[in-house]
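Here are a few notes to read alongside the model. Take them one at a time, and find each residue as you go.

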Amino acid sequence: MADGSPKRDARYDILFEEVQIGPITAPNRFFSVPHATGHNPLMPNGSIGMREMKAEGGWGVVSMQLAEIDPTSDISNLPIEKFWDDTDVKSHALLVERIKKHGALTAIELAHTGIRARNMDTGTPVLGPSSMRILKPQNPIQSKAMDKQDIKAFRDSHKRAVHRAKQAGYDMVYVYAAHDASLVWHFLNPMYNQRTDEYGGSFENRLRLFREVLEDTVEAAAGDVAVAVRIPAHDFKSGSPLTYDNEARAVIESLAEVPDLWDVNVAGWPRDSGTSRFDDEGHQEKYTSYVKQVTTKPVVGVGRYTSADAMVGLIKKGVFDLIGASRPSIADPFLPNKIKEGRIDDIRECIGCNVCVSSDAYSVPLMCTQNPTISQEWRRGWHPENIPAAPKKENTLIIGSGPAGLECALTLAKAGHDVTVAEKASEFGGRVIKESALKGLSAWGRVKDYRLYQLQQMGNVSLYAESEIGAADVADFEADNIVVATGSKWRNDGAGATTFSAIEGFAEHALTPDDIMNGGEISGPIVIYDDDHYYMGNILAGHLAAKGHEVHLVCPLPSIAEWMGYTLESPRVLDEMVELGVHMHPNTTVHGWNDGALEVSRSDSGRVLPPIKGAHLVAVGARLPDDALLSELRAQSAFEGKVTGIGDCLAPGIIQAAVFSGHAEARRLIGDVPKSGIYKRETPVLFDR
Ligand code: ADP
Ligand code: SF4
């Protein structure tokens, strides 16, 4: 283009075509599907800020997260939207207004969560097709089999919710049947539906409630708003007949022309939100591509799509009409606009780590490894693309180029600082270089790739590899600010999440993940002691087992990789360990390493267990911050007030935390911090008695 800005390749034009969805027209094919955001209904400002950013970034449809239609569907303690009565309409109306300002359409996912609800807050019985334990086995709660009155009440309630959605100004209402978390889905599945009346037994009977609610919704929508259905086109649950080659297909065929839009995925949530370790981009296609063959209505589907070419392929092949996304829209709210403007290389691609998903279980606003500004749009005023100009052009030296250093460098460079990054290794990227070389983690390299590419394009950035910086070197840079991002190293002494100090025999003998990732050759049986409980222990176990080693994975908690429950990966990890023949020893406390054997006992009872023998011991526990340089620089009066530390060299943590730390420090250096020092918080309304 004459003005020098990049031009979109014509092959992507198809992504910017309008799509008719019943009575409404989507401005393009980019569809931000409903997803949990960690914002509960008492945090409407944060929730609005996040979604408005997606509309600004070019998503043609922006959806609200799952919204309970009434108090009989109460997933107590999870940050789910409540759309119970007219008092809830106001904040939704504001959300709609803010999204529409950017030309996007809005959708709300109306839901009754059936036997996924707990109703611990509301105190009413959980409702389901049959009297049975709810889908949370740890909870001693049983559902009430819905009688005809309950069914009528549910249908009436759903209709009222549709009217409220219209009142709020939404363009589209969903009937939610997905994730094994919907009442109508529970009626569909004979594992849960053991009724003998006209709502149970035969396929037609089990379909009845779904059909009725969908028809009610179409009637209440009255052509004013579009009606969408979110449903799995395939259920991975063992024994479920709702598969792509059986009843899931039959359901969609039976109701094919009733809604205005089919939003299809796979069930349950762990398979829908598969991580890059187990599922590639487009992993759902095998199970969802048939849908367009059985309906003339538009279809939207997901698959962690970040590649514009893959998206074009989906449209051209007739797989989908609209490209659905949750995680790619979290990692980069401006993904559509970047494609539109021919800035493909600027896309901050989701790495498929599911740290965002963990926010739901913790009930905290979304966190993202790639996008540190997510959830901070309203509370801190952070924009993912527009960094405020620094009040003064300063020179900043960043020592270390891991996720923290690179993010800090990029944010400061965008703000106008002259930035120098010095890295002692031959490559930039820190821990991400080594970790992305491990089995299943290659997509994690995107954390480095995105930032490094951007930095390499900027005239105000100098990047020096193979440049180890000591305290004596720093003065030469004449920097206004010195940011130390030197990372951390794994400890080998056995200290970890449950044992806070050294374990006998470890410091003398144990290897660390760093040793293994650095390619140290080892032979014979290997014992991995995992007191970290995230990915490193089991990734190394898989990596070494795949090379033919006998591997024992020992862990003090009741199950291996407990934290991976938060990323929905636990079942797949355990399956992989079994597949690779890794010997798993959960619930096992370690007392020492003596004569090539781990002395162990059961964690729960203390009962002594037979020692676990190996030729090598690998300790995966805590890490040591690499903070010697930081301390030395801080001690020098010449640098007083100029030195800060970020990322793992301050507090070793997950990559998301390092990226966030780097970003936050850059904002601090340009003065983009709240005056009070505390970000804006949602404040409760206090009522008079
Ligand atoms: P974080 O996750 O906090 O970004 P990483 O461990 O990923 O930390 O990255 C730290 C980086 O800092 C590594 O690439 C390491 O080589 C580099 N580094 C450590 N000490 C120095 C130093 N003195 N000079 C330059 N680079 C250093
Ligand atoms: Fe993607 Fe990870 Fe960000 Fe989630 S946290 S959106 S999976 S990069």
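1. Let's start with a pair that is out of sight: Glu 576 and Arg 277 are both buried. In this predicted model, their side chains meet in a salt bridge, with 3.1 Å from N to O. The pair links distant parts of the chain, 299 residues apart. Glu 576 sits in helix 20 (residues 570-579), while Arg 277 is in the loop between helix 7 (269-272) and helix 8 (285-288).

2. Next, look at a pair within one helix. Glu 253 and Arg 249 form a salt bridge, and their closest N and O atoms are 3.2 Å apart. The two are separated by about one helical turn, because they lie four residues apart in helix 6 (residues 247-254). Glu 253 counts as partly exposed at 41% relative accessibility, and Arg 249 counts as partly exposed at 28%.

3. Is each partner of the Arg 343 and Asp 346 salt bridge buried or partly exposed? Arg 343 has a relative accessible area of 24%, so it is partly exposed. Asp 346 has 18%, so it is buried. Their closest N and O atoms are 2.9 Å apart.

4. Salt bridges can also join up: Lys 148, Arg 195, Asp 197 and Glu 198 are linked in a network of them. The structure holds 48 salt bridges.

5. Finally, visit the surface. Glu 504, Glu 508, Asp 595 and Glu 599 form a negative patch there. Glu 508, which lies in helix 17 (residues 506-509), counts as exposed because its relative accessibility is 59%.

How values were computed: Residues are numbered from 1 along each chain as its sequence is written. Chains are lettered from A and ligands numbered from 1 in the order in which they are written. This is a predicted model: local features need pLDDT of at least 70, side-chain atom pairs count only at pLDDT 80 or more; totals for chains, interfaces and linings use all residues. Side-chain values use heavy atoms; hydrogens and water are left out. Patches are made of residues with over 30% relative accessible area and no salt bridge: like charges are joined within 9 Å, nonpolar side chains (Val, Leu, Ile, Met, Phe, Trp, Tyr) within 5 Å. Accessible areas come from the Shrake-Rupley method with a 1.4 Å probe; for residues, only the protein chains shown count as cover. A salt bridge is a side-chain nitrogen of Lys or Arg within 4 Å of a carboxyl oxygen of Asp or Glu. Lys and Arg count as positive and Asp and Glu as negative; His and the chain ends are not counted. The place of a charge is taken as NZ of Lys, CZ of Arg, CG of Asp or CD of Glu. Buried means under 20% relative accessible area, exposed over 50%, partly exposed in between (1.4 Å probe, protein chains only).
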